[in-house]
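The following exercises practise the reading of a protein model, from whole chains down to single residues. Please examine the sequence and the structure before attempting each task.

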Amino acid sequence: MKTNDHKSTFPATRLPKCPTGIQGLDEITGGGLPRGRPTLVCGGAGCGKTLFAAEFLVRGAVQFGEPGVFMSFEETEAELKGNVALLGFDLASLVRRKKILLDHVYIERSEIQETGEYDLEGLFVRLNHAIDAIGARRVVLDTLEALFAGLPNEAILRAELRRLFRWLKNKGVTALISAESGREHLTRHGLEEYVSDCVIVLDHRINEQIATRHLRVVKYRGSPHGTNEYPFLIGDDGISVLPITSLGLNHAASSERIATGIPRLDAMLGGQGFFRGSSILLTGTPGTGKTSTAAVFAQAAARRGERALYFAFEESPSQIMRNMQSIGLRLEPWIKRGLLRFHSARPTLYGLEMHLAIMFKEIFTFKPAVVIVDPMTSLLIAGSESETKAMVTRLIDFLKSQQITSLFTSLTHAGNPLQQSEIAISSLMDSWLLVQDIEGNGERNRVLYVLKARGMAHSNQSREFLISHRGIDLVDAYIGPGGVLTGAARAAQSARDKAETLASEQEAARRQRELERKRAALERQIAALRSEYEAEEEELRRLGEQVATRTRVLTAERTELASLRQADATVAASARDDGKPKPKDKKR
Amino acid sequence: MKTKTVRQRKPDSNGRTAKLWQLRLYVAGQTPKSLTAFGNLKQICESHLKDRYRIEVIDLLEQPHLSKGDQILAIPTLVRKLPPPVRKIIGDLSDTERVLVGLDLRPVDLTATKAP
């Protein structure tokens, strides 16, 4: 039998378990309900007891090959078939194939007169007959408490119930008994005192107008079990219990990097973008471009040929697409090509668990590589902070186990410390980007920081985050003596810088020219001095010539005079000297 | 048939209805309670419905599938199949007074005077 395979996964010393097949419940209970023993399921009206019981039987019959008897004290066979058909169980077919036997036990007090001693052997016979008819291994009694309304003698009834549970144990069937929850006891008529092996409480609580179902294993004799209150939901395919802690921290970490769609942001993240399968938190005050960033990220995934799933909790898909067109982002082609899908839902539409289940379902069917939740903080409306955190934890765990990169945007309200994300979720995130408004000079400017990026070198710089019709760009913010300047201030500062540079350039040129002028003047001066000097030199030369001429003239005159005075020796000498007798002659 | 019964349901001198009474007693084996019940039933019928009744004893241990038809839980259970409406009396029928009330064999005024 199939069940033996299941049993064998648990140590032999442990209590034999009967798997329910209900998603998540077997994880909490470590394999299912106690085999061959009765289990009590109690809860208020409309919390899903009957469905729980029905799913236990149907899954037992379909998945584990264990036929079951459904003894209903409230609903007729037809009603039961109709009710569970909503969840995709074809009870009628199972009944035809003798996998399940439905038995409606009807008690009408007004028809019954009590006269003396009696017992419930009729019920036993009937149940026994039903069990034997299909060889049932599982039995559901839903809900036994109808007996209390139908049979007047409670003393007999209690004695008989005690006998019934013992009888069920002896019969070796795994029984599920449902009961209404009571005020003082777990159940209205204290049935828990008879069923001591396993007690499960279902609950349907309304918190801030949103209902969430919870399941808790109150007691499980002889077996460890999850003791928390686990949210569960009734979806299209039955009950799924969502154990918060069942998913271990053992997902594989990829070292592959994926681009964000913003090159400068990739550059800030070690040049390559985020790790695949990592979780990214993008926090920011209203209007800082979170959705735009997310859309760019989604588009980048689609460009790589990967599927991106966008959960929008504030805007409709067409609104996002229209808005993204204003920054030059056309998303429709990707949607048409089946690479991008939007899932929009109001957070208040249903409880968190329902949201989570629907998200899981979408992810299962679409199989995306990138999931965007925008904004995560909207889910706070649907649940309390701790619930939301638990939900996001489970979602992240799930996404990581599937190697899906997730981007969560988170709205930080102005005035709150920015480093504190709304759901205190940051510790779950691998990367955290923060977009902040800086107000000053009559304008607001966006600044982006990488607060953390696990496992990669990342920039510690703040970058100005610009959104234009061409898309998103990051610009170095001006960092100078005046602090970090952005926007117009940054532009003004750079203009001032430019002007200053120009001015100093002009100053240098002016000085250059002045120097040139000075040199020219100096050169002119030098030239003047030189010409003066030359003039003086000329004068001097002329003077020298004059002196020489005069000397010669004087000498000649003296010679002539000497000749005249007959100074023969000297005459002969002088005649040798110049041999120019003509001027001498002339003078003579 | 039902309409016929209603038509003929005129009270006789004892305040009973004149027509065949069809009674069915469900038991599970020959338990003391079952035997007591059968004995009590026989006695009541003899004194109140002489020659106008028919008792059918069904042992569920032998015919378990019959428990469903009359919605039998308690053992023993006496079902008045006819005349309608169907009435059920559970227990060993030791409280004759209540059996008579349950079977609608006592005129209302008589029970009212006997009650205090």
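The exercises below concern a predicted model, and each task is followed by a worked solution.

**Exercise 1. The two chains in outline**

Task: State how many helices and strands chain A has and how many chain B has, and describe the burial and the contacts of each chain.

Solution.
- Step 1. Chain A contains 17 helices and 25 strands, while chain B contains 5 helices and 4 strands.
- Step 2. Read from the N terminus, the elements of chain B follow the order α-β-α-β-α-β-β-α-α.
- Step 3. Chain A has 588 residues, of which 43% count as buried; chain B has 116 residues, of which 34% count as buried.
- Step 4. Consider the contacts in chain A with a separation of 6 or more: residues 24 or more positions apart account for 70% of them. In chain B, among contacts between residues at least 6 apart in sequence, 63% join residues at least 24 apart.

**Exercise 2. The nonpolar core**

Task: Identify the residues with the most contacts inside the largest nonpolar core, and determine which helix gives the most to this core.

Solution.
- Step 1. The largest nonpolar core has 162 residues, and those with the most contacts inside it are A:Val139, A:Ala298, A:Ala308 and A:Ile372.
- Step 2. Helix α3 of chain A, residues 49-63, gives the most to this core, with 8 residues.
- Step 3. Both domain 1 (2-241) and domain 2 (257-476) of chain A contribute to the core, with at least three residues from each.
- Step 4. As a worked case, take A:Ala298. With neighbours within four places in sequence left aside, A:Ala298 is in contact with A:Ala308, A:Tyr310, A:Leu340, A:Val370 and A:Ile372.

**Exercise 3. Checking a helix**

Task: Compare the expected span of helix α13 of chain A with the distance between its end C-alpha atoms, and list its buried residues.

Solution.
- Step 1. Helix α13 of chain A covers residues 352-366, a run of 15 residues.
- Step 2. The expected span is 1.5 Å times one less than the number of residues, and therefore this helix should span 21 Å.
- Step 3. The end C-alpha atoms are 21 Å apart, which agrees with the expectation.
- Step 4. The buried residues of α13(A) are A:Leu352, A:Glu353, A:Met354, A:His355, A:Leu356, A:Ala357, A:Met359 and A:Ile363.
- Step 5. After α13(A) comes A:Lys367, which has a positive phi near 50°.

**Exercise 4. Where the chains meet**

Task: Describe the side of chain A that touches chain B, and then examine the contacts of B:Pro64 with chain A.

Solution.
- Step 1. In total, 22 residues of chain A are in contact with 30 residues of chain B.
- Step 2. On the side of chain A that touches chain B, β6 (112-114) and α6 (121-134) each supply at least two residues. The element that gives the most is α6(A), with 7 residues.
- Step 3. By class, this side of chain A has 9 nonpolar, 6 polar and 7 charged residues.
- Step 4. Strands also pair across the chains: β6(A) and β4(B) do so in the parallel sense over 3 bridges. Within this pairing, A:Ile112 has B:Lys88 as its bridge partner.
- Step 5. B:Pro64 lies in the loop between β2 (53-59) and α3 of chain B, and touches A:Val125, A:Arg126, A:Asn128 and A:His129.
- Step 6. B:Pro64 counts as buried because 20 or more other C-beta atoms within 10 Å are required and B:Pro64 has 21.

**Exercise 5. Unusual backbone geometry**

Task: Locate the cis peptide bonds before A:Pro375 and B:Pro76, and decide whether B:Gln71 and B:Leu93 are buried or exposed.

Solution.
- Step 1. Recall the general rule: most residues other than glycine have a negative phi, and most peptide bonds are trans.
- Step 2. A cis peptide bond joins A:Asp374 to A:Pro375, with omega about -15°. A:Pro375 lies in the loop between β18 (370-374) and α14 (385-401) of chain A.
- Step 3. Another cis peptide bond joins B:Ile75 to B:Pro76, with omega about -5°. The loop that holds B:Pro76 runs between α3 (66-69) and β3 (77-82) of chain B.
- Step 4. B:Gln71 is not a glycine, yet has a positive phi of about 55°. This residue lies in the loop between α3 and β3 of chain B, and is buried, with 20 other C-beta atoms within 10 Å.
- Step 5. B:Leu93, also not a glycine, has a positive phi of about 60°. Its place is the loop between β4 (87-90) and α4 (96-102) of chain B. With 29 C-beta neighbours inside 10 Å, B:Leu93 is buried.

Technical notes
Residues are numbered from 1 along each chain as its sequence is written. Chains are lettered from A and ligands numbered from 1 in the order in which they are written. This is a predicted model: local features need pLDDT of at least 70, side-chain atom pairs count only at pLDDT 80 or more; totals for chains, interfaces and linings use all residues. A residue is buried if 20 or more other C-beta atoms lie within 10 Å of its own, exposed if 12 or fewer, and partly exposed in between; C-beta atoms are placed from the backbone. A nonpolar core is a set of buried Ala, Val, Leu, Ile, Met, Phe, Trp, Tyr and Cys residues joined through C-beta atoms within 7 Å. Domain bounds come from an automatic or database domain assignment. Two residues are in contact if their C-beta atoms, placed from the backbone, lie within 7 Å. Ala, Val, Leu, Ile, Met, Phe, Trp, Tyr, Cys and Pro count as nonpolar, Asp, Glu, Lys and Arg as charged, and the others, Gly among them, as polar. Two strands pair if DSSP finds at least two bridges between them.
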